[in-house]
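Here is a walk through the sheets, cores and ring contacts of this chain. Keep the viewer open while you read.

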Amino acid sequence: MTENDRTAAAAIAEGRTSLGIELGSTRIKACLIGPGHEVLATGSHEWENQFVDRLWTYPDEEIWAGLSAAVTDLMAAVKTSYGTELTSVGAVGVSAMMHGYLAFDSSGELLVPFRTWRNTNTGVAASELTAKLGFAFPLRWSASHLYQAIVDDEPHVDRLDSITTLAGYVHWRLTGQRVLGVGDASGVFPIDPATGTYDATMLEGFQAMIAERRSGLDVAALLPQVLSAGEDAGSLTAEGAALLDPTGTLAAGAPVCPPEGDAGTGMVATNAVAPRTGNISAGTSIFAMIVLEKPLDSVHEELDIVTTPAGDLVAMVHCNNGASELGAWASMFTEFASAMGVDRGPDAVFEALFGAAIEGEADGGGLLAYNYLSGEPITGLDEGRPLFVRTPDSRLTLANFMRTQVYAAFGTLSLGMRVLHREGVQLDSMFAHGGMFKTAGVAQRLLAAAIDAPVTVGETASEGGAWGIAVLAEYRRTGDGMPLGDYLAQRVFDGAAQDVAQPDPADVAGYEAWLDQYSAGLAIQRAATEAIH
């Protein structure tokens, strides 16, 4: 065992660690960090959403089975790496995919299956809320889901006692506290940055809208309490510890930080919580978060106004579709390699395919791809149809094909970013994180071309939000009232290794040409959506 390993083992034995858990769209990941915010061990569990009754969901039992599986995997990694049991931690944090709708009655029973951020059935509600409250309400926000259920006169509304997000639900079961971090809460209902909680004027207007359709329903009482990063959000109960570790090895009692959404933990993981900084998170969905210096001049349906975990205003460009289609093609190529007798595994295949993308023509060789597995509000599509399209004179090579697939993961995001540029929003730095950036330099360089700005990737980029929420848990444990931005800059990222990719002018010009073709080709996507059911 190395000296570093002995130091880590001592921190684990003494409980000077923080455990972060993130329930992402395809993977539940647990990350244990030491007092210096270094990753000590990770664990994970794969899962996948289901399309049931035309709604994207995850069964309730899979939440808890996946949660304990990820923690069990992490505990096994601790035992293997350090020769010690993980019996206690210094702090815990829970993060999950933002937005969506989990509704409960007064006994805590889940009334309808979890409705995820991916659903686009809330068009009527989001449109009414936006028009009447003068604020852009995205389709996936909890308020939109709630109001749509009221508009549709769903039977469960009669029994409603509370609503929350996935992170809020898991936190509640672990601690008994019905609270949300302000970043995640800003995907439930608009936040007033002056008060750090739900905007009182808009909440009054929302109550009036609800009263016209459903008298007696108190919307304010339905929403979870809002907390900022570092505040007391309860502690891990014995019941909560048993959910994480059914063997009983992990002790209760650790303080738990306010639960956050994956957007907020992505900002933490990339040190992008100060004004004029931003980050891009690429996973099943892809989104950009830009911390604002001041409110935007106009309401834009392409942009969400949310907050950092500390409560500062953020403009969010959220695309429902990210890297999933890219992963599907990689899986097919992995199968092909295996059929040819070359069994190198998915990581090697990804590396080869991304390496090919760099060699592709700057404009993709005339190829087009759409990664729309689900609907995409920014381009006005209620449902998705993944497409690969080319003209007879296009250059179909592996390099062009893969560059186009990577471009497709950024296409809709670029359209939303154009709105920010027109608003005059200024950026000093853009950070990126997520599994796409694990292969050094490829997605990072092409993203720099797509946004025509430098893109920074840190050494923790592939750890993503699980590390970010672990850092927020450690901030809860040791922050001592220090502002979150200062804590990250001085204690977490000071001296951290980072790689910066500057936009290549040829790539930028090629991507612009590709994006023009992509925009024109959206007519093909709309036709496919209408024709194929």
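Helix 5 (residues 166-175) lies across strand 1, strand 6 and strand 13, and it runs at about 150° to strand 6. Keep in mind that this is a predicted model.

The sheet under that helix is an open one: 5 strands in the order 3-2-1-6-13, with mixed pairing. Strand 3 (39-46) and strand 13 (260-261) sit at the edges with a single partner strand each, so one side of each has no neighbour in the sheet. Further in, strand 1 (residues 18-23) and strand 6 (residues 91-96) pair in the parallel sense over 6 bridges. If you want a handle on that register, look for Ser18, whose bridge partner in strand 6 is Ala91.

There's another open sheet to look at, with 7 strands in the order 16-17-15-14-20-21-22 and again a mixed pairing. Here the edges are strand 16 (304-307) and strand 22 (498-501); each has a single partner strand, so one side of each is left without a neighbour in the sheet. From one strand to the next the twist averages 30°. At one edge, strand 16 and strand 17 (residues 313-319) run antiparallel and are joined by 4 bridges, with Thr307 standing opposite Leu313 in strand 17. Helix 14 (residues 442-451) lies across strand 14 (277-282), strand 20 (429-433), strand 21 (455-458) and strand 22, at about 150° to strand 21.

Strand 18 (residues 367-370) and strand 19 (residues 387-390) are worth a stop too. They pair in the antiparallel sense over 4 bridges, and Leu368 has Val389 as its bridge partner in strand 19. In a regular strand, side chains alternate between the two faces of the sheet. Strand 18 shows Leu367 and Ala369 pointing one way and Leu368 and Tyr370 the other way, and all are buried.

On to the cores. Nonpolar side chains tend to be buried together in soluble globular proteins. Which residues touch the most other members of the largest nonpolar core? They are Leu146, Leu160, Phe189, Tyr198, Phe206 and Leu488, out of 66 residues in that core. Helix 15 (residues 465-478) gives the most to this core, with 8 residues. Apart from it lies another core, of 60 residues, including Leu420, Met430, Val442 and Leu446.

Zoom in on Phe189 and you'll find quite a list of contacts. Leaving out residues up to four places away in sequence, Phe189 touches Leu133, Phe137, Trp141, Ala143, Tyr198, Asp199, Met202, Leu203, Phe206 and Leu223. Phe189 also belongs to a cluster linked by ring pairs, together with Phe135, Phe137, Trp141, Tyr147, Tyr198 and Phe206.

Across the model, the count of aromatic pairs comes to 26. Take Tyr58 and Phe114: their ring centres are 6.2 Å apart and their planes are at 25°, so the pair is stacked. Tyr58 is in the loop between strand 5 (55-57) and helix 2 (60-82), while Phe114 is in the loop between strand 7 (102-104) and helix 3 (123-133), 56 residues apart. Both rings belong to buried residues.

Trp329 and Phe401 make an edge-to-face pair, at 4.8 Å centre to centre with 80° between the planes. Trp329 lies in helix 11 (residues 324-339) and Phe401 in helix 13 (residues 398-422), so the pair ties together parts that are 72 residues apart in sequence. Trp329 is partly exposed, with a relative accessible area of 22%, whereas Phe401 is buried at 6%.

Met332 is also found in helix 11. Its relative accessibility is 41%, so Met332 counts as partly exposed. Met332 and Pro346 are 14 residues apart along the chain, and their C-alpha atoms are separated by 10.0 Å.

Finally, two arginines sit over tryptophan rings:

| Arginine | Ring | Distance to ring centre |
|---|---|---|
| Arg118 | Trp56 | 4.7 Å |
| Arg173 | Trp64 | 4.6 Å |

For Arg118, the charged end is the part that sits over the ring of Trp56, and Arg173 lies over the face of Trp64.

How values were computed. Residues are numbered from 1 along each chain as its sequence is written. This is a predicted model: local features need pLDDT of at least 70, side-chain atom pairs count only at pLDDT 80 or more; totals for chains, interfaces and linings use all residues. Side-chain values use heavy atoms; hydrogens and water are left out. A nonpolar core is a set of buried Ala, Val, Leu, Ile, Met, Phe, Trp, Tyr and Cys residues joined through side-chain atoms within 4.5 Å. Buried means under 20% relative accessible area, exposed over 50%, partly exposed in between (1.4 Å probe, protein chains only). Helices (H or I, at least four residues) and strands (E, at least two) are DSSP runs, numbered from the N terminus. Contact means heavy atoms within 4.5 Å. Rings of Phe, Tyr and Trp (its six-membered ring) pair if their centres lie within 6.5 Å; planes under 30 degrees apart count as stacked, over 60 as edge-to-face and the rest as tilted. A charge sits over a ring if NZ of Lys or CZ of Arg is within 6 Å of the ring centre and within 35 degrees of the ring normal. Two strands pair if DSSP finds at least two bridges between them. Axes are lines fitted to C-alpha atoms, for helices over the stretch in contact, and angles run from 0 to 180 degrees between N-to-C directions.
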